[in-house]
Amino acid sequence: MAVLPAGDLLRYHAERKPENSIAASFADGDVTWWELERRANRRARFLADRGVGEGDWVTMVLPNDIRFFEYSFALWKLGATPNVISPRLAAQERADIIALADPRLVVTVEQGEGDSRTLSYLESADDYDDRPLPAKVSKYWKILGSGGSTGRPKLIVDHRKAEYDPQQTMLSMPADGVVMAPGPLYHNAPFGSMHGGLFVGAHIVGMPRFDPEEMLRLIAAHGVQWISIVPTMMHRIWGLSPEVRAQYDLSSLQAVWHSAAAIAPWLKQAWIDWLGAERIFEMYGGTEGLGATMITGSEWLAKPGSVGRAHYGGLQILRADGTVAAPGEIGEIYFSSPAPGERTYHYVGAEPQRSENGLDSLGDLGWVDDDGYLFIADRRADLIVRGGVNVYPLEIENVLDAHPDIVCAIAVGLPDDEFGSRVHAIVETRAGAKVEAIALVEFAKDRLASYKVPESIELTSTPLRDDSGKARRMALRQERIDMLGKGEAFSSWERRPLTGAVPALTHP
């Protein structure tokens with residue numbers, strides 16, 4: 001079948017399904033395909049009355065609920081593009097991203113003050129016509145916000161049009177099945193998975209916020225067949241007692257996909273032992289859509305630690321001089337576009353990291369073996385990946401450095417059994433200043449999203465940068481990892497105890 005405009009896909013599935021077929025289930029209730037189609041039509045006219053038209057960008061700062069899809073499909077019906085950002089961002093972060101997008105409107109949880117472009121997502125559209133609108137195709141189907149590697153925000157503009165073949169499933173997703181992605185919809189994987197499910201006629205099941213036992217309950221209650229999660233969620237579910245996990249029937253699950261962060265080998269093995277290798281899948285890639293690798297559970301058992309072989313796009317490992325690394329040699333991971341000569345994305349607020357021959361990098365290091373399987377060595381030196389979310393040290397350092405009693409702050413990621421990495425701040429205080437670590441935490445909370453606030457702080461009078469302003473970031477991180485391994489304490493404050501550098505080999 002030919003592709004259809006994304007804005008027409010709700011009606012396409014509504015017309016071929018029974019009248020009361022459910023399209024989406026969230027904490028705020030169920031909605032049928034026809035109900036969601038009509039609500040999106042009314043919302044589209046509501047937005048059009050506020051100036052939104054073809055080619056416009058609209059920033060969505062929304063929670064996980066059914067209205068999120070009402071707005072996204074309404075925008076596609078108008079030929080506009082959703083720019084999705086987190087409602088958890090601190091005010092300045094949010095303002096910076098909105099300034100980059102310069103959207104026609106900002107739809108948010110609360111009515112903004114002093115900005116005519118901002119409106120509450122709860123405003124009623126019930127009085128608007130719910131009949132179909134003329135078909136339009138948005139030039140870009142999504143724009144997501146991201147912190148930049150320089151500590152400044154950027155937008156990632158996906159170059160795919162807002163159109164899809166409703167009979168073309170992705171990643172073994174069952175057409176007309178039941179799909180779940182319990183993560184926040186402002187992240188790429190949940191956004192793509194949940195909308196992708198609707199595109200192929202699946203009943204999507206969501207959560208306002210992840211809860212491990214509630215996720216299991218929803219899988220059993222709705223007969224979920226396909227799910228997309230991150231390792232942090234897998235860790236929290238595994239932290240439930242075996243008795244609790246056994247209460248829920250997960251026999252409907254056909255595919256468990258995980259991505260967005262490295263997974264501890266013991267945790268992956270535990271899930272394979274629990275659900276079976278044939279149901280566990282992993283994908284490595286980026287929001288940029290440059291390329292991706294994929295590995296099944298069975299392949300992983302033969303190649304433990306690998307993230308798989310190229311699934312789409314060309315994969316190369318390059319040395320610092322731009323030459324191709326040999327199998328087993330660590331280098332920077334580069335992808336070529338799945339469609340030669342075509343860009344899959346562009347940034348607003350940053351420039352891509354690109355090789356001389358046009359390959360693009362996400363900044364990660366790794367190697368491939370003789371069979372072409374990719375292994376991740378580490379993230380780029382300054383990047384902290386906490387629970388599948390990128391946290392950039394410079395952003396944290398810029399906030400802490402603004403404190404009047406701080407000379408310099410260095411943020412590093414330390415090993416964490418639950419989140420993969422945790423944010424640790426090493427803070428050089430001014431001579432004679434009486435600084436309390438907990439006060440620095442409160443200072444940061446007012447200026448950073450909660451997941452970026454340091455989870456441990458170390459106060460020191462030792463200079464952290466040399467005369468040229470350079471910091472030994474990797475050395476500082478390794479020193480603390482070594483101290484963890486020896487059981488030595490160094491934190492002045494920590495939200496919860498730091499674990500050892502090596503996760504336990506056995507878990508409940």
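1. pLDDT is the predictor's confidence in each residue, on a scale from 0 to 100. The structure discussed here is a predicted model. Its average pLDDT is 88, and 93% of the residues reach a score of at least 70. Residues 500-508 have a pLDDT below 50; in the model this stretch makes 15 contacts beyond near neighbours in sequence.

2. Helix H5 covers residues 188-199, twelve residues in total. From the first C-alpha to the last, H5 reaches 16 Å, which is close to the 16 Å expected at 1.5 Å a residue. Ten of the twelve residues of H5 are buried, so the helix is mostly covered. Among the buried residues are Pro190, Phe191, Met194, His195, Leu198 and Phe199. The buried set also includes the glycines Gly192, Gly196 and Gly197, together with Ser193. After H5 comes Gly201, with a positive phi near 85°.

3. A helix pair deserves a separate point. Helix H7 (residues 231-238) packs against helix H9 (residues 265-275) at an angle of about 65°. The axes of H7 and H9 are 10 Å apart, and their crossing is left-handed. On the H7 side, the residues that meet H9 are Pro231, Met234, His235, Ile237 and Trp238. On the H9 side, they are Trp266, Leu267, Ala270, Trp271 and Trp274. Sorted by class, this contact holds nine nonpolar residues, one polar residue and no charged residues.

4. Leu100 belongs to helix H4, which runs over residues 91-101. Is Leu100 buried or partly exposed? Its relative accessible area is 28%; buried would need a value under 20% and exposed a value over 50%, so Leu100 counts as partly exposed. Leaving aside residues up to four places away in sequence, Leu100 touches Pro153, Lys154, Leu155, Val348 and Gly349. One of these partners, Leu155, is 55 residues from Leu100 along the chain, and the two C-alpha atoms are separated by 7.4 Å.

5. Two residues with positive phi should be checked in the loop between strand E10 (163-164) and strand E11 (178-180). Most residues other than glycine have a negative phi. Leu171, in this loop, has a phi near 50°, a positive value in a residue that is not glycine. Ser172 lies in the loop between E10 and E11 as well, and its phi is positive too, at about 60°, although Ser172 is not a glycine. Leu171 has a relative accessibility of 24% and counts as partly exposed. Ser172 counts as partly exposed at 44%.

6. Gly289 sits in the loop between strand E15 (280-285) and strand E16 (292-296). Which residues does Gly289 touch, not counting residues up to four places away in sequence? They are Tyr312, Pro338 and Thr344. Gly289 and Leu9 are 280 residues apart along the chain, and their C-alpha atoms are separated by 23 Å.

7. Glu488 is found in the loop between helix H13 (473-486) and strand E29 (493-494). With a relative accessibility of 38%, Glu488 counts as partly exposed, because that value falls between the 20% limit for buried and the 50% limit for exposed. From C-alpha to C-alpha, Glu488 and Lys139 are 55 Å apart in space, and 349 residues separate them in sequence.

Conventions. Residues numbered from 1 in each chain as written. Predicted model: local features only at pLDDT ≥ 70, side-chain atom pairs only at ≥ 80, totals over all residues. Heavy atoms only, no water. Helix = DSSP H or I, 4+ residues; strand = E, 2+ residues; numbered from the N terminus. Expected span 1.5 Å × (residues − 1). Buried < 20%, exposed > 50% of the residue type's maximum accessible area, 1.4 Å probe, protein only. Contact = heavy atoms within 4.5 Å. Axes fitted to C-alpha atoms, helices over the stretch in contact; angles between N-to-C directions. Left-handed = near helix turned anticlockwise from the far one by under 90°. Nonpolar A, V, L, I, M, F, W, Y, C, P; charged D, E, K, R; others polar.
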